[in-house]
Amino acid sequence: MVEGLVIALVAVLCAGALYAASAARVIRQYERGVVLRLGRLRDDVRLPGLTMVVPGVDRLRKVNMQIVTMPVPAQDGITRDNVTVRVDAVIYFKVVDPSSAVIAVEDYRFAVSQMAQTSLRSIIGKSDLDDLLSNREKLNEGLEVMIDSPAVSWGVQIDRVEIKDVSLPETMKRSMARQAEADRERRARVINADAELQASKKLAQAAGEMSEQPAALQLRLLQTIVAVAAEKNSTLVLPFPVELLRFLERAQQQPAVEGAGTSRTGRQPSVNGATAQPPSSSGNGSPLPEDEAPLPETRASEEPAVPPAPTPPAAPSPAEQPFAHH
């Protein structure tokens, strides 16, 4: 009798242990439990720790409450300015309502992934290439709003959406490189021209200061010579002063001005030491023409006379020849 009681007690304990083992569930700290009893949702959400369910009647679904990092596959699209690009992104989201994440959508991860891809394609078609490359914060905000609107009913909250990379065709990359190079060259030329303008203004001021003090130019010349000589060069370049050239030019122009003044007084320069007389007028009072003006007198001693060459005797005519003696 006692043995039967002991066996029954052991059997009950074993059944209880099996029931407890099959009914006990452990929920981690970052999870929440949703219980479906005979297919109907229980209102209470199981918190982290040990919880019990009815075996064969209840079904426990664990929902991860951590922030999920999901990469969005690269999407090919055409921008508003007709440029073909390939854009990929990453999305950060988490579940805020476990019951809606289980009941409202079949697979919330797959749903968020597909919504992110379609929203990314849409945002590519509405944006320009420059916006995709330089104004990504605004595009990220717009993409987050587009994904978060339907995800709220799924019990999912979108924390952040980031565009990772924008791939361009090789032809577009070369065109952008040429554009950037041309822009940098333009800015370099503008900066160079501005530097030349500022340098010319400073040089004009320096020239004005040196014109007031001529010794400053000589001192500057000596400083240049010292700077050249400090390089241990065997050849010394000495600049030729421009003022000396101007002095020689003025000295050459001065005799020409004096000759012009002498011609205005009516005197003519002498030829071979004799002074030429002005042309005399004819008997009727009219001056002689220029081609009939008397030649200037010359000294006979300065031009020695050349004796005339001897003339050969003329041959006698046949009439004047004597008769030949036979």
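**Figure 1. Asn 82 in the loop between β6 and β7.** Asn 82 is found in the loop that links β6 (68-78) and β7 (84-95) of this predicted model. The phi angle of Asn 82 is positive, about 60 degrees, although the residue is not a glycine. Most residues other than glycine have a negative phi. Asn 82 counts as exposed because its relative accessibility, 68%, lies over the 50% cut-off.

**Figure 2. The open sheet β6-β7-β8.** The strands flanking the loop of Asn 82, β6 and β7, belong to an open sheet of 3 strands in the order β6-β7-β8, with antiparallel pairing. β6 and β8 (156-167) are the edge strands, each pairing on one side only. Neighbouring strands of the sheet are turned against each other by 25 degrees on average, direction ignored. The antiparallel pairing of β6 with β7 extends over 9 bridges. Within this pairing, Val 68 has Phe 93 in β7 as its bridge partner.

**Figure 3. Helices α3 and α5 against the sheet strands.** Helix α3 (residues 108-126) packs on the sheet and touches β6, β7 and β8. The direction of α3 makes about 35 degrees with that of β6. Helix α5 (residues 136-151) lies across β7 and β8. Relative to β8, helix α5 runs at about 140 degrees.

**Figure 4. Leu 38 in the loop between β2 and β3.** Leu 38 is found between β2 (31-37) and β3 (40-46), in the loop that separates these strands. Leu 38 is not a glycine, yet its phi is positive at about 55 degrees. A negative phi is what most residues other than glycine have. The relative accessible area of Leu 38 is 68%; Leu 38 is therefore classed as exposed, the cut-off being over 50%.

**Figure 5. The contact of helix α6 with helix α7.** The axes of α6 (residues 170-212) and α7 (residues 214-229) come within 4 Å and cross at roughly 115 degrees. On the α6 side, the contact involves Met 210, Ser 211 and Glu 212. These residues meet Pro 214, Ala 216, Leu 217 and Arg 220 in α7. The residues of this contact divide into 4 nonpolar, 1 polar and 2 charged.

Technical notes. Residues numbered from 1 in each chain as written. Predicted model: local features only at pLDDT ≥ 70, side-chain atom pairs only at ≥ 80, totals over all residues. Heavy atoms only, no water. Axes fitted to C-alpha atoms, helices over the stretch in contact; angles between N-to-C directions. Helix = DSSP H or I, 4+ residues; strand = E, 2+ residues; numbered from the N terminus. Contact = heavy atoms within 4.5 Å. Nonpolar A, V, L, I, M, F, W, Y, C, P; charged D, E, K, R; others polar. Buried < 20%, exposed > 50% of the residue type's maximum accessible area, 1.4 Å probe, protein only. Pairing = 2+ DSSP bridges.
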